[in-house]
Amino acid sequence: MDQYAVFGNPIAHSKSPFIHKMFAEQTGQSLHYAAILSPLDGFAESVSTFIASGGRGANVTVPFKEQAFKLVEQLSPAARQAGSVNTLIYQDGKLLGDNTDGIGLVKDLLFNGVGLKDKAVLILGAGGATRGVVLPILKQQPGMLHIANRTAAKAEELARHFCQFGPVTGSGLEAIPPMAFDVVINASSSSLSGESPDIASSYIANQPVCYDMVYGKEITAFNNWCAAQGAGLTLDGLGMLVEQAAQSFYLWRGIMPDTQPVRQALRMSLSQA
Ligand code: ATR
């Protein structure tokens, strides 16, 4: 049976095996998908052991996405711009790296009826999560994209890197252009520590769509704050997780699964956890 896996550390709580098992059943694909705990200093060895034992492809999660970027023999344009790899494809004796996170976010927004064309988009955070989604957002031709980060220099640096691809600017959280945004995305890790980035409520005066790339059993700190400020819609990152997985599945198997039943099953399992 064709072997697939997700590499991470920690990995026990990964939803990827659950998601890909459902995709495989739904599409009638015969494959096995495992969660592999790679030692922090042994990612390359873990991948080569997996490939040697018949691995055809894998997902890569925290903290190995940048190492995967360096490891692969060939990068997709998305991975090259993201500076990280979340999908490994072993094909014709060669290890290819792609990044499906950004397309996962865009597809989840579209799934929820949110297009980005001509919209004013604000993204909070300037770490790996932001870097992975900027280019796919710009491809949707927003009117403008502003990256704001607690450490201003990182947001300014990302904006400089991506400004050749579209209208993107960067600043600290306290220097966001004074306007109301249509879509506000939290790509910072603030919700993981139960905090929301410290921004003025005027930025979400326009009843925007607020999107937290983190998800959990409870509503995230950012989405709670946005809802209290009158956000038009709040979405968490569960749909993005499923959509990036669907895109990886498509790269491996050439079949795009239906994400709807998987979204429902995951949400249900979260509420029962
Ligand atoms: P990831 O790969 O998830 O993006 P990361 O590269 O460590 O993780 O980046 C985390 C991001 O969340 C950073 O932009 C960080 O801001 P700094 O660059 O100033 O450290 C941001 N972040 C984390 N906690 C935050 C908080 N409580 N409020 C605002 N931003 C926060």
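Ile-123 is buried, at a relative accessible area of 0% (buried here means under 20% relative accessible area, exposed over 50% and partly exposed in between, with a 1.4 Å probe and protein chains only). The model is a predicted one, with local features needing pLDDT of at least 70 and side-chain atom pairs counted only at pLDDT 80 or more, while totals for chains, interfaces and linings use all residues. Residues are numbered from 1 along each chain as its sequence is written, and side-chain values use heavy atoms, with hydrogens and water left out.

Ile-123 sits in strand S7, residues 120-124 (strands are DSSP runs of E with at least two residues, helices are runs of H or I with at least four, and both are numbered from the N terminus). Setting aside neighbours within four places in sequence, Ile-123 is in contact with Thr-130, Val-133, Ile-137, Leu-145, His-146, Ile-147, Ala-148, Ile-185 and Ala-187, contact meaning heavy atoms within 4.5 Å. Gly-8 is another matter: 115 residues away along the chain, its C-alpha is 26 Å from that of Ile-123.

Ile-123 also turns up in the largest nonpolar core, which has 27 residues (such a core is a set of buried Ala, Val, Leu, Ile, Met, Phe, Trp, Tyr and Cys residues joined through side-chain atoms within 4.5 Å). Along with Leu-105, Ile-137, Leu-145, Ile-147, Ile-185 and Tyr-211, Ile-123 touches the most other members. At least two core residues come from each of H5, S7, helix H6 (128-139), strand S8 (144-149), helix H7 (152-162), strand S10 (183-186) and strand S11 (209-212). H6 chips in the most, with 5 residues. As for Leu-105, its contacts beyond four places in sequence are Val-133, Ile-137, Ile-185, Tyr-211 and Met-240. A second, separate core has 20 residues, among them Val-6, Leu-238, Ala-246 and Val-262.

Leu-238 also brings in helix H9, which runs over residues 238-253. Its 16 residues reach 22 Å from first C-alpha to last, close to the expected 22 Å, the expected span being 1.5 Å times one less than the number of residues. H9 is largely enclosed by the rest of the structure, because 14 of its 16 residues are buried. Right after H9 comes Gly-254, with a positive phi near 75°.

At the domain level, the chain splits into domain 1 (2-99) and domain 2 (103-238), with bounds taken from an automatic or database domain assignment. Their centres, taken over C-alpha atoms, are 27 Å apart. The contact between them draws on 4 residues from domain 1 and 7 from domain 2. According to the unreviewed UniProt entry, residues 6-88 carry the annotation "domain: Shikimate dehydrogenase substrate binding N-terminal", though such annotations may be inferred rather than shown by experiment. That stretch, residues 6-88, is 42% helix and 24% strand, with its end C-alpha atoms 10 Å apart.

Two polar residues are worth a look. Asp-101, in helix H5 (residues 101-111), counts as buried at 12% relative accessibility. Its side chain makes a polar contact of 2.8 Å with that of Lys-65 (a pair of N or O atoms within 3.5 Å; within protein, one must be able to donate a hydrogen and the other to accept it, and residues adjacent in sequence count only if both atoms are side-chain atoms). Beyond four places in sequence, Asp-101 touches Lys-65, Asn-86, Val-133, Met-240 and Gln-244. Asn-223, in helix H8 (residues 221-228), is buried too, at 4% relative accessibility. A polar atom of the Asn-223 side chain lies 3.0 Å from the backbone oxygen of Leu-235.
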